[in-house]
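Could you walk me through the strands and a few side chains of a protein model, step by step? I would like to learn how to read each feature.

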Amino acid sequence: MNTETIRKIVGMFLLILLMIIGMSKPMKEYLQIPKQIVLFEGEAVRFPTAALPVQATVKNAPKSIEVQRQTHSLSIKAKQSGEKKMVLEVAGVPIKQVDVKVLPTLKVIPGGQSIGVKLNTVGVLVVGYHLVETENGKKSPGEIAGIKVGDIITGINGKKIEKMSDLSPFIEEAGKTGKPLHLQVLRDQHSFTTKLIPLKDKHDHAYRIGLYIRDSAAGIGTMTFYDPISKKYGALGHVISDMDTKKPIVVQNGQIMKSTVTSIEKGSSGNPGEKLARFSENEEVIGNITENSPFGIFGTLTKPVENGIFTKPIPIALANQVKEGPAKILTVVEDNKVEQFDIEIVSTIPQKFPATKGLVIRVTDPRLLKKTGGIVQGMSGSPIIQDGKLVGAVTHVFVNDPTSGYGVHIEWMLNEAGIDIYGKQNKKAS
């Protein structure tokens, strides 16, 4: 037998041995214990150790972490916030070090209410071109000036522009004097200036800039949560984009208000359904909007809101604590009554950094399926609750399967809202 053959046999033997070890019960139990554990105060986690007689010690932490060795498991209970190192031993031999991070208790009140949303943009948003009929043919002064759909006009001749009516005096003046307008434009977070010369419409003799513009947007969604202490809230779970430009709306300010669901357009494959709701200018404003981000809209409540189901705050779950299985959502399908409906979390990605679409969910509740067909537009932001904890929010529906869709982990929405999940403020104060 030559050396090459011996080497192959030994290699094959080692490979088979590694596979056997990897599939063994002790190895599986060992791998189930992560290198880092994050818990909230009062929470406990248990790991099966029937085949692996593990002992655990936490040095200098008699109050913060409690470790109990039971017959077939190892239990770790968080008692006080802080960060400690736990050493796992088998027969007195250290085999693994685990970082245990205990976070201060955090509870918020889940939403589910249908809300009307009104956003006021920074400056005025360009949503299209208008051809001005001049004596020399049809032209768009805005297009000639290099303005693109999706641009935001924030200033003219050094003056701030906040709404559409702010433009008229400048356009009239430029028409009379023949002097160009000096526009300050925001495009993809970059600002630049350009010159625009208004042209006279040959029919009504009015000067025009050849652009369709908009200074506000409105729609409906669902409240996800609010913090009873700071009054900070989060809703929708995804960014609001302009219906024409498809770009995220850059928010100057905005308001949320109560809304009433009037009817449901049932969803079907290839045709997403929709909640039809009403709210008007004189509807009761319940909060402001300070941010429109990939994780939803955020701001502060100015008036109390109730969902009739949860009157007290409930715990939250971090992204790595959510598991596959049954859960519930809170949403409105008629008038303004918040109801609970059954869903299943089909998959969850234990994301370490903020990202959207961390959950895949499926509606299983027969009554909701009959009423809506599954997930419909306007349901975005509906809180997802699992084992008594707020774990996420509904965000998108699958176009070809309205019974299923995506969700975002609540950890990232809370983080975006400026709510201190990780105890950083407590650390600064101490």
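The dialogue below goes through two sheets and two residues of this predicted model.

Q: Let's begin with sheets. What holds the strands of a sheet together?
A: Strands of a sheet pair through backbone hydrogen bonds, and the pairing can be parallel or antiparallel. Here, three strands make up an open sheet in the order 2-5-4, with antiparallel pairing.

Q: Which strands stand at the edges of that sheet?
A: Happily, this can be read from the order. Strand 2 (44-48) and strand 4 (65-69) each have a single partner strand, so one side of each is left without a neighbour in the sheet. From one strand to the next, the twist averages 15°.

Q: How many bridges pair strand 4 with strand 5?
A: Five bridges link strand 4 and strand 5 (residues 73-78), in the antiparallel sense. To find one register point on screen, look for Gln68, which stands opposite Ser75 in strand 5.

Q: And what does a closed arrangement look like here?
A: Try the order 27-28-29-32-31-30: these six strands form a closed barrel with antiparallel pairing. Neighbouring strands of this sheet are turned against each other by 45° on average, ignoring direction.

Q: Which residues of the barrel could I use to check the pairing?
A: Take strand 28 (residues 338-348) and strand 29 (residues 359-363), which run antiparallel and are joined by five bridges. Within that pair, Ser347 has Val360 of strand 29 as its bridge partner.

Q: Now for single residues. Is Glu43 buried or exposed?
A: The cut-off to keep in mind is that buried means under 20% relative accessible area. Glu43 has 12%, so it counts as buried. You will find Glu43 in the loop between strand 1 (36-40) and strand 2.

Q: What does the side chain of Glu43 meet there?
A: It makes a polar contact with the side chain of Lys389, at 2.5 Å. Leaving out residues up to four places away in sequence, Glu43 touches Ile76, Lys77, Ala78, Gln321 and Lys389.

Q: How should I read Lys371, by comparison?
A: Values between the buried cut-off of 20% and the exposed cut-off of 50% are called partly exposed. With a relative accessible area of 37%, Lys371 is therefore partly exposed. Lys371 belongs to helix 5 (residues 366-372).

Q: Which residues further along the sequence does Lys371 contact?
A: Setting aside neighbours within four places in sequence, Lys371 is in contact with Ile264, Lys266, Val333 and Glu334. For Lys266, the sequence separation from Lys371 is 105 residues, while their C-alpha atoms are 6.9 Å apart in space.

Methods. Residues numbered from 1 in each chain as written. Predicted model: local features only at pLDDT ≥ 70, side-chain atom pairs only at ≥ 80, totals over all residues. Heavy atoms only, no water. Pairing = 2+ DSSP bridges. Helix = DSSP H or I, 4+ residues; strand = E, 2+ residues; numbered from the N terminus. Axes fitted to C-alpha atoms, helices over the stretch in contact; angles between N-to-C directions. Buried < 20%, exposed > 50% of the residue type's maximum accessible area, 1.4 Å probe, protein only. Contact = heavy atoms within 4.5 Å. Polar contact = N/O pair within 3.5 Å; in protein donor to acceptor, adjacent residues only side chain to side chain.
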